[in-house]
Amino acid sequence: MLLKSTVNENERVMKTGELILIIDDEVQMRRLLEITLSANGYKISEAATGKEGLNQASQHQPDLVILDLGLPDIEGFDILKRLREWYRNPIIILSVRNSEEDIVRALDNGASDYLAKPFRTGELLARIRVAIRHSKVPDNNPRLEFGNLTIDLDKHLAIKNGEVIKLTSTEFSLLALLAKNAGRVLTHQYILKEVWGFGQIEQTQYLRVFVAQIRKKIEDDSSKPALLLTESGIGYRFGI
Amino acid sequence: MKKLLTEGTDRTAIGHYLIAVATVIAVSAACYLARNLIGYHVVSLTLLLVVSLLAVFLDTIPLLVASTLSALIWDFFFIPPHFTLHIGSTEDLLMLAMFFIVALLNGILTSRIRRQELRARQREERTDALYQLTKELLVANGIEETVSVAEKYLGQYFKIGSVAIVTGEDRELQVCPADFSGFTPESKNLQIARWVLQNQVKAGRFTDNFSDAELTFYPAEGGEKVIGVICFLNPVRTAPLEEQFLEACIALISGKIERELLSLVAKDAFILAESDKLYKTLFNSISHELRIPVAAIIGATDTLLSERYPETTRKKLYREMSKASVRLNRLIDNLLNMSRLESGHLTPHPDWCDVHDLVNKVTGSLEQELGLFSFVTVIPDDMPLVSIDFGLTEQVIHNLVLNASQYAPEGTEITLSLRYDKPGKLIISVADQGRGFTEKELNNLFHKFYRGETAVSGGTGLGLSIVRGFVEAQGGSVHATNGERGGALITVELPVNASEINSE
């Protein structure tokens, strides 16, 4: 499901042409990304090593970084940490490493999103749009709309098909957190910390029960959720 | 019967003298009481009979005592004049001499026969022992059992304590049993064993070499070279004849050790051949599986680059390339999963899971394949959260559903059911309406590289073996049968925890 605002965003991107830095040691991968991304209106800069990547990031201040974890010179997670010491814009990890541990670790270390290679370019573009939108526009709009669902952050209300949905306060906090970060994956630990104030991963049982409850209330078919999506072993993503 | 052959000679010798004297005195006394009824000549015959009978039981010297004693008694008490050794008539003197000679001959001949008999019995016992040893060695499996058989028999016959067998090359000696008390690494005993291996002579206690050791070492000869050393703890000195027997036993045990070592070599060779076969199968099936999609991609791109084709053709080619890539990616996933399994480092990470998520993930990735079928999911309304490894279980369901979609005819129904069985069991089953399994397929289904008898082209035969691997890694089991209304039915059982939290 695409968000209405995202489509508008896309049009805006075409005009401004954000700069994306690609840090990947595989020529073929850089070429594919360069072709795809410039065809979608982005400006591209490329780096084949971690060192070069860090240099370019500080020189050009890109709007987004696409980072491969398996670079020849510096460990991917180290680059991520070193970038995050000063770099505030989104970093999307694009790696062949697809274990849940790696993904969670990258997200917990400041990555904005994670895509495993091989990936669908359509999906990559969507993730890039979401990441840039979240970094550029501070979300001041209290009314978030997702198809037939409207979430009013001011009035603590969720409205589906014009009718107010009954939600407990925890359910609403959880739904609001996910909706404010629509399109982004949030790890279990992050959600637990934000909503319940603790980060024990053992508590994911509660989280899942709440998710199941919210789905019953907001989804058209709760067994085939279209809004509140599971990222297995990692967390949840809302809206895309 | 199986006593040491020389055991207890002292005690039986005294017994023999007592029996000899007592029997002679008793019979003489009886004859004395009856002297008025029988003549003294009859008494001599009676005593002669007694001595002959005693010869059957007694050793030579007690028998001589019995002969002499009975001659004296006859002379003293029975030959007139009584109560004196003096013999009146020449006839009686001759009688006494003959009595004595007959008794002696009788005794000597009998005991010679008995000695021969004893020797025959010893021979028979040894033959029997060798036969038993051969028989038990034949069934013994491995060096360890050989050691215990050797210990049992040699212990019985030679009062030998424990037995150890040392095998291997110069620097890498293996002692069996491994915890044998006499061998610590680089102990003197190990050095002697090494010396015996090199010099091919026996050594240790009661031998000419290293006679101060507490063990005796015999070289185990196999064919032309020494293949090991047989060591005895608490050996006893053996008579030359017994030494021969012991060496025969050692030859037998050596033969067994040789066979065991050879079978180890053969086993290694077999494993090598098997893995070679496996490698070839893997190579053939995977090189095929890799080449076909790559060929499709190369062919399609070549056509596309020539730019002579209408948009509809180009679209079709793009679609083919996309399909080929998905197929390649699937193969790589399978290979990686297989190698995860084979490496033995697969540790499941169970976490709470809503099984709907599992199903959605699988149906999402198999959207294209399932589009050709009527796909039904059955999950009870009261399904609890279960604690499972999401990734592994997803792959299991993915492979099962993909398999069904490859074998069942298009347009038929594929049913995926999940349910929770108290206590602690997640049951996943995938049923299709294809032709089901043949007997042969049911036996081989989960074997690596096995392809069904009507397998569609493509596929490596890895899918179901990965299913089994991932299920077993989580402590579960998987069964294949034919459904009640035909069609294949594969059922997976996983031990799980179910959530007791109720959010209502």
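How many residues of chain A are in contact with chain B, and how many residues of chain B are in contact with chain A? In this predicted model, 19 residues of chain A are in contact with 20 residues of chain B, and the first two views are given to that interface.

**View 1. The interface between chain A and chain B buries about 1,600 Å².** The size of an interface is often given as the accessible area lost when the parts come together. Of the area buried between chain A and chain B, 49% is on carbon and sulfur atoms. On the side of chain A, the residues that lose the most area to chain B are Q205(A), R208(A) and V209(A), which together make up 33% of what that side buries.

**View 2. Polar and charged pairs link chain A to chain B, with two salt bridges counted between them.** One of the residues just named, R208(A), meets D351(B) in a salt bridge between side chains, with an N to O distance of 3.0 Å. Seven residue pairs are in polar contact between chain A and chain B, where both residues have pLDDT 80 or more. On the side of chain A that touches chain B, the elements giving two or more residues are α5 (100-108) and α9 (204-218) of chain A, and α9(A) provides the largest share with nine residues. By residue class, that side of chain A divides into five nonpolar, seven polar and seven charged residues.

**View 3. An open sheet of four strands in chain A has the order β6-β7-β8-β9 and antiparallel pairing.** The edges are taken by β6 (143-146) and β9 (163-164) of chain A, each of which has a single partner strand, so one side of each is left without a neighbour in the sheet. At one end of this order, strand β8 (residues 157-160) of chain A pairs with β9(A) in the antiparallel sense over two bridges, and I159(A) stands opposite V164(A) in β9(A). Helix α7 (residues 169-180) of chain A lies across β6, β7 (149-152) and β8 of chain A, and the helix runs at about 105° to β7(A).

**View 4. A second open sheet of chain A consists of three strands in the order β10-β12-β11, again with antiparallel pairing.** The edge strands here are β10 (185-187) and β11 of chain A, each pairing on one side only, and neighbouring strands of the sheet are turned by 30° against each other on average, with direction ignored. On one side of β12(A), the antiparallel pairing with β10(A) extends over three bridges, in which L186(A) has Y236(A) of β12(A) as its bridge partner.

**View 5. Strands β11(A) and β12(A) form a hairpin with three residues between them.** Strand β11 (residues 228-231) and strand β12 (residues 235-238) of chain A pair in the antiparallel sense over four bridges, with L229(A) standing opposite R237(A) in β12(A). Within the turn of this hairpin, G233(A) has a positive phi of about 75°.

**View 6. A salt bridge and a cis peptide bond share the residue K117(A).** The structure holds 24 salt bridges over all chains, and one of them joins the side chains of K117(A) and D24(A), with an N to O distance of 2.7 Å. K117(A) lies in the loop between β5 (113-116) and α6 (121-136) of chain A, whereas D24(A) lies in the loop between β1 (19-23) and α2 (27-39) of chain A, so the pair ties together parts that are 93 residues apart in sequence. The peptide bond that joins K117(A) to P118(A) is cis, with omega of about -5°, and P118(A) is likewise placed in the loop between β5 and α6 of chain A.

**View 7. Two loops of chain B carry backbone features of their own, at P423(B) and at Q200(B).** A cis peptide bond joins K422(B) and P423(B), with omega of about -10°; P423(B) lies in the loop between β9 (413-421) and β10 (425-431) of chain B. Q200(B), which is a residue other than glycine, has a positive phi near 60°, and its place is in the loop between α6 (188-199) and β3 (203-204) of chain B.

Key: Residues are numbered from 1 along each chain as its sequence is written. Chains are lettered from A and ligands numbered from 1 in the order in which they are written. This is a predicted model: local features need pLDDT of at least 70, side-chain atom pairs count only at pLDDT 80 or more; totals for chains, interfaces and linings use all residues. Side-chain values use heavy atoms; hydrogens and water are left out. Two strands pair if DSSP finds at least two bridges between them. Contact means heavy atoms within 4.5 Å. Axes are lines fitted to C-alpha atoms, for helices over the stretch in contact, and angles run from 0 to 180 degrees between N-to-C directions. Buried area is the accessible area (1.4 Å probe) that two parts lose on being put together, summed over both. A salt bridge is a side-chain nitrogen of Lys or Arg within 4 Å of a carboxyl oxygen of Asp or Glu. A polar contact is a pair of N or O atoms within 3.5 Å; within protein, one must be able to donate a hydrogen and the other to accept it, and residues adjacent in sequence count only if both atoms are side-chain atoms. Ala, Val, Leu, Ile, Met, Phe, Trp, Tyr, Cys and Pro count as nonpolar, Asp, Glu, Lys and Arg as charged, and the others, Gly among them, as polar.
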